Amino acid sequence: MTMKLLTTNTSSGAASSSFTSKIDNTYKLYIFKFYDVNPATDNSFFTFQANVVDASGYNETITSTFFSAYHDEADGNTDLQYEAARDQAEATGFQYLTNGVGNGADESCAGELYLFNPSNTTYVKHFYSRASEYYSGDYIIDNYAAGYINATGAVDDIQFKFSSGNMDGVIKMYGVG
Amino acid sequence: MPLGAFKAALMGTAGVATETVVLLHDTDYSGASTASITSGIDSTYGHYIFKFYNINPSGDGETFKFQVNATDTADYNDVPITSAVWVAYHTPNNSFAAVTYQGAADQAQATTFQALPDGFSSDADHHGSGTLHLFNPSSTTYAKHFYSKWQYSASWNESVSTQHIAGYLNTTTAIDDIQFKFGSGTFDGTIKMWGVK
């Protein structure tokens, strides 16, 4: 068993980054690694959603938690906090992976999203992520999202996008047997 | 699947270049003052993973740290780091337990060594183990993101502590060296580095 690189999406000025093949019963764990992900619009939130087989629109039902730790470059603000504005309760919106990423030339976010056994047709699908971001207000924010896609249908598509505007960046999908 | 097999699946095996994850550095340190990795960090990989096993300092209460060199610098003292740190801890006597922001371990545009777990216990059977992720250090456009998670025995009340560190190396110059050390004294332990294609 190995961790296998399945797909690399390199985006430049793209509205979204979608993975619409190779998510199947070959692997029990899919890991998405993303870096140099930079929004065109300042203070935009990096998000993801899913489709089950034969569905479209990236609007599956998600229940999730979200918390973060932050610190600003001016050394004036720090905290570890739950963020109710970033979680979902049986909602079909795109799930936040970050807070508002800056669109400065050197600003971006990077992290990983783990998705467990998306092809299962019995259970909901669990995920968790960690993402470091260069927040638009010149903070480091260490973001943690976790939850489940509340569907028993197999998930076969994943899409990433910012809450507003286009994106640059690299997203890679790996399968782990 | 046994834990060891799962780890090997994810991280490869020493000396074996797997298809996706390649072991680049594997050193056992004994009485070392520093651990420097000065090769293998380049544009070949977009993601580097460091694993730390059985890190044990000579001095009680010391903090394990890291810094980097950009390609045009030396001495591990030029790259500003902004970071956030939080910890969950519990003491064996059951007197203290909490989850809290760890302001003593963060940095705000400082060029000093970034604390990984702080306040290690140096007892003979105490140590720390953890992981550091570094994203696309060869970028010449963006600041470089990192995050880390540690499980260790702290000197304060011998608490079991889980520390989470994240931040960015605030330079647009490529990073090619990284050094680890304690605030003072020497250490034992194993450090490995992988590149992820």
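Me: Accessible areas here are computed by the Shrake-Rupley method with a 1.4 Å probe, and for residues only the protein chains shown count as cover. This is a predicted model, where local features need pLDDT of at least 70 and side-chain atom pairs count only at pLDDT 80 or more, while totals for chains, interfaces and linings use all residues. Residues are numbered from 1 along each chain as its sequence is written, chains are lettered from A and ligands numbered from 1 in the order in which they are written, and side-chain values use heavy atoms, with hydrogens and water left out. What share of the accessible surface of chain A belongs to carbon and sulfur atoms?

Reply: The accessible surface of chain A adds up to about 6,500 Å². Of that area, the share from carbon and sulfur atoms is 46%.

Me: And what does carbon plus sulfur supply of the area chain B exposes?

Reply: Chain B puts about 7,500 Å² on show. Its carbon and sulfur atoms supply 47%.

Me: How confident is the predictor about chain B, as a mean pLDDT?

Reply: pLDDT is the predictor's confidence in each residue, on a scale from 0 to 100. In chain B, 91% of the residues reach 70 or more. Where pLDDT is low, the coordinates shouldn't be read in detail. The mean for chain B is 92.

Me: What ipTM does the complex get?

Reply: The predictor hands out two scores for the complex. The pTM is 0.94, and the ipTM is 0.95.

Me: How many strands does chain A have?

Reply: Helices (H or I, at least four residues) and strands (E, at least two) are DSSP runs, numbered from the N terminus. Chain A has zero helices. From the N terminus on, it's β after β, and the strand count is 12.

Me: Which type of element does chain B begin with at its N terminus?

Reply: Chain B has one helix and 12 strands. Reading from the N terminus, the β elements come after the opening element, which is α.

Me: What radius of gyration does chain B have, and why does that agree with a compact globule?

Reply: The radius is taken over C-alpha atoms, and the globule rule is 2.2 Å times the number of residues to the power 0.38. For 197 residues a compact globule would come out near 16 Å, so chain B agrees with its 17 Å.

Me: How much of chain A counts as buried?

Reply: Buried means under 20% relative accessible area, exposed over 50%, and partly exposed in between (1.4 Å probe, protein chains only). Chain A has 177 residues, and the buried share is 56%.

Me: Asp54(A): buried or exposed?

Reply: Asp54(A) sits in the loop between β4 (44-52) and β5 (62-72) of chain A. Its phi is near 75°, a positive value in a residue other than glycine. With a relative accessible area of 81%, Asp54(A) is exposed.

Me: Where in chain B is Asn94(B)?

Reply: Asn94(B) also has a positive phi, near 65°, without being glycine. Its relative accessible area is 59%, so it's exposed. You'll find it in the loop between β5 (81-90) and β6 (97-101).

Me: How far is Ala15(A) from Ser164(A) in space?

Reply: Ala15(A) lies in the loop between β1 (3-14) and β2 (17-19) and is partly exposed, at 49%. Leaving aside neighbours within four places in sequence, it's in contact (heavy atoms within 4.5 Å) with Lys161(A), Gly165(A) and Asn166(A). Ser164(A) is 149 residues away in sequence, but C-alpha to C-alpha the gap is 8.7 Å.
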